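Dear colleague,

I am handing over the structure shown below, and I would ask you to keep it open while you read. My findings follow it.

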Amino acid sequence: NIPTHNLGEVIDACVAYIDNRDIDIDGLMEYIKAPDFPTGGFIYGMQGVRDAYETGRGRVIMRARAEIEPGENHDKIVITEIPYGVNKAELIKQIADLVNDKKIEGISNANDESDREGMRIVVDVKRDANANVVLNKLFKMTPLQTSFSVNCIALVKGRPKLLSLKDCISNFVNHRHDVVIRRTQYDLRKAEERAHILQGLIIASDNIDEVVHIIRSAQNPQAAIEGLMNRFELDEVQAKAIVEMRLRQLTNLMQEQLRNEYDELLKQIEYFKQILSDEDLCMKVIKDELIEVKEQFGDERRSEIVYSSEEFNPEDFYAGYQVYFFQDKIGKTCQICNKDTLIETNITEDELHEIGEASNYNPSFLNAMQELKEKDIIEYELKMSQFRSQVEQKNKAREEANRPRCPKCGSTS
C-alpha cells in the first residue's frame with residue numbers, strides 16, 4: 001500500500017542519491033516532501049509521513065480543499081478537491097444521510113456542480129448556522145478528511161521486504177543499473193553483429209567485379225557462398241549477406257553509406273564498452289535518462305502540505321461567539337451571549353437593560369460594564385466560550401445531582 005508521489009521530486013531524490021550514496025532520510029526529504037495525490041487536496045501533518053519514510057509504515061492524513069463563500073442570505077462551503085480514493089457521489093450521499101439523521105445540523109442542501117473545468121461540490125449552510133463549525137463537523141464525520149495507511153512492502157531479489165524511503169530509492173537505482181547494463185550488452189552484441197556484416201559488404205564493394213564473376217559462375221546460392229568464403233576469407237554470415245545484396249548497393253553512393261555506417265558503429269561499440277567497464281559513466285547514463293523523463297513528463301505538485309496539524313478541539317464544533325456571566329452584590333446572576341440572547345437570568349429586566357447590548361467586547365459593551373462597576377452593581381464578570389459555558393453548566397448540574405440530600409425534606413445539606 002504505497003502512496004503516489006510527484007515524478008519530478010522522486011527523480012530529484014534519485015539523482016541526489018546517485019551523487020551521494022551516504023545521504024540520509026532528512027536529505028532525501030528535502031527533495032521528496034511528502035506523497036502527492038492526483039486528486040490534490042491537503043496533506044495534514046508530517047509525522048505520519050516521516051514515520052512512513054523512516055520505517056516503511058505510517059499514516060498520512062488527507063483533507064479536502066474547501067472554502068467558505070459568504071452570501072447575502074447564507075454561506076456556502078465549496079469543495080474543489082477531495083482526498084485520494086474518495087468517491088464523489090458517495091461523499092455527497094453520505095453528507096445527505098448525516099443531515100437526514102440529524103447528526104449534522106446547519107446544512108440545507110448539498111449539490112454537485114462539477115463540470116469540465118473541474119470539481120465543485122457546494123454545501124449550502126443555513127442562515128443561523130456557523131459555516132466554520134459545519135465544515136469542521138464535515139471533516140470529522142465524512143471522508144473529506146481521511147487517512148492513507150502506508151505499508152511499503154516490495155519484492156527485493158524475490159523476497160518481500162519492508163522498505164524505508166532510502167531503501168526504495170537505492171533498490172530502484174540498482175534496478176536501473178541492471179537495466180542499463182543488460183541493455184548495453186544487448187546493444188553491443190547487435191552493433192558488433194552489424195559491423196561484422198558491413199565489413200564483408202565493404203570487402204565485396206571493393207572487389208565488385210570478382211564478386212560478380214564468382215556469383216555468376218556458381219551453380220547455386222550455396223556454391224556462391226562457399227566460393228566467396230574461400231576467395232576473401234569470409235565467414236558464412238558475411239558471404240550470405242553479399243549474395244543477398246541488392247544491385248543498387250553497388251552504386252558509389254550506397255558504398256559511401258556503408259562505410260559511414262561502419263565507422264559510426266565502431267564508435268558506438270567503443271562507447272558501449274566504456275559503459276560496461278566504467279561505473280561512473282554507467283551512473284551518468286542513468287542520471288541523464290531520469291532527467292530526460294522528468295523534463296518530458298514532470299509536473300507540479302498537486303497536494304499541498306500543511307506542516308503542522310492538530311487534532312480537533314471540542315470548541316471547533318461550537319460557534320465562536322462568547323458568553324458573559326455577571327453577578328451583582330446580592331448574588332443575582334445573568335448569562336448573556338454576544339448575539340443578544342438571554343440564556344439564563346434572575347436579574348430583573350430593568351437591571352438587564354442597564355447592561356446594554358452584549359457583543360464581542362465592542363466599546364458600547366465595555367462602557368456599559370464600566371458604568372455598572374462604578375455604580376457598584378456588578379460584583380464580577382466572567383467571559384468564556386460557548387463550549388466552556390455548556391461544560392460548566394453540565395459540571396454544575398452533575399455536582400448538584402450528586403450532593404447528599406435530606407431524607408425528610410429532600411434539600412441538599
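**The nonpolar core**

Of the 36 residues in the largest nonpolar core of this predicted model, those that touch the most other members are Met 29, Val 49, Tyr 53, Val 60, Leu 165, Ile 169 and Val 173. Two or more residues each come from α1 (7–19), α2 (25–29), α3 (47–55), β2 (57–63), β7 (145–151), α6 (165–206) and α11 (279–297). The element that gives the most to this core is α1, with 7 residues. As general background, nonpolar side chains in soluble globular proteins tend to be buried together.

Tyr 53 is a useful residue to select in the viewer. Beyond its neighbours within four places in sequence, Tyr 53 is in contact with His 5, Ile 25, Met 29, Ile 32, Lys 33, Ala 34, Pro 35, Ser 164 and Leu 165.

**The mixed sheet**

One open sheet has 4 strands in the order β7-β2-β1-β10, and its pairing is mixed. At its edges stand β7 and β10 (304–306), each with a single partner strand, so one side of each has no neighbour in the sheet. From one strand to the next, the twist averages 30 degrees. Strands β2 and β7 run antiparallel and are joined by 7 bridges; Gly 58 stands opposite Val 150 in β7. Helix α3 packs on this sheet, where it touches β1 (42–44), β2 and β7, and its direction makes about 150 degrees with that of β2.

**The antiparallel sheet**

Another open sheet of 4 strands follows the order β3-β4-β6-β5, with antiparallel pairing. Its edge strands, each pairing on one side only, are β3 (65–69) and β5 (107–112). Neighbouring strands here are turned against each other by 20 degrees on average, with direction ignored.

Two pairings in this sheet involve β6. Strand β4 (residues 76–81) pairs with β6 (residues 121–125) in the antiparallel sense over 4 bridges. Within β6, Asp 124 has Lys 76 opposite, and Ile 121 has Ile 79 opposite. Strand β5 is joined to β6 by 5 bridges, and the two run antiparallel; here Asn 111 stands opposite Val 122.

Is β6 buried or exposed? All told, 5 of the 5 residues of β6 are buried, so the strand is largely enclosed by the rest of the structure. In a regular strand, the side chains alternate between the two faces of the sheet. Both faces of β6 are covered: Ile 121, Val 123 and Val 125 are buried on one side, and Val 122 and Asp 124 are buried on the other.

**Helices across this sheet**

Helix α4 (residues 88–100) lies across β5 and β6 and runs at about 165 degrees to β5. Helix α5 (residues 131–141) lies across β3, β4, β5 and β6, at about 160 degrees to β3. The buried residues in α5 include Ala 131, Val 133, Val 134, Leu 135, Asn 136, Leu 138 and Phe 139. At the start of α5, a side-chain oxygen of Asn 130 comes to within 3.0 Å of the backbone nitrogen of Asn 132.

**Confidence in the model**

The average pLDDT of the protein is 79, and 73% of the residues score at least 70. Over residues 328–366 the pLDDT stays under 50, and the model has 82 contacts beyond four places in sequence for this stretch. The pLDDT also stays under 50 over residues 376–391, for which there are 51 such contacts.

Yours sincerely

Key:
Residues are numbered from 1 along each chain as its sequence is written. This is a predicted model: local features need pLDDT of at least 70, side-chain atom pairs count only at pLDDT 80 or more; totals for chains, interfaces and linings use all residues. Side-chain values use heavy atoms; hydrogens and water are left out. Two strands pair if DSSP finds at least two bridges between them. Axes are lines fitted to C-alpha atoms, for helices over the stretch in contact, and angles run from 0 to 180 degrees between N-to-C directions. Contact means heavy atoms within 4.5 Å. A nonpolar core is a set of buried Ala, Val, Leu, Ile, Met, Phe, Trp, Tyr and Cys residues joined through side-chain atoms within 4.5 Å. Buried means under 20% relative accessible area, exposed over 50%, partly exposed in between (1.4 Å probe, protein chains only). pLDDT is the predictor's confidence in each residue, from 0 to 100. A polar contact is a pair of N or O atoms within 3.5 Å; within protein, one must be able to donate a hydrogen and the other to accept it, and residues adjacent in sequence count only if both atoms are side-chain atoms.
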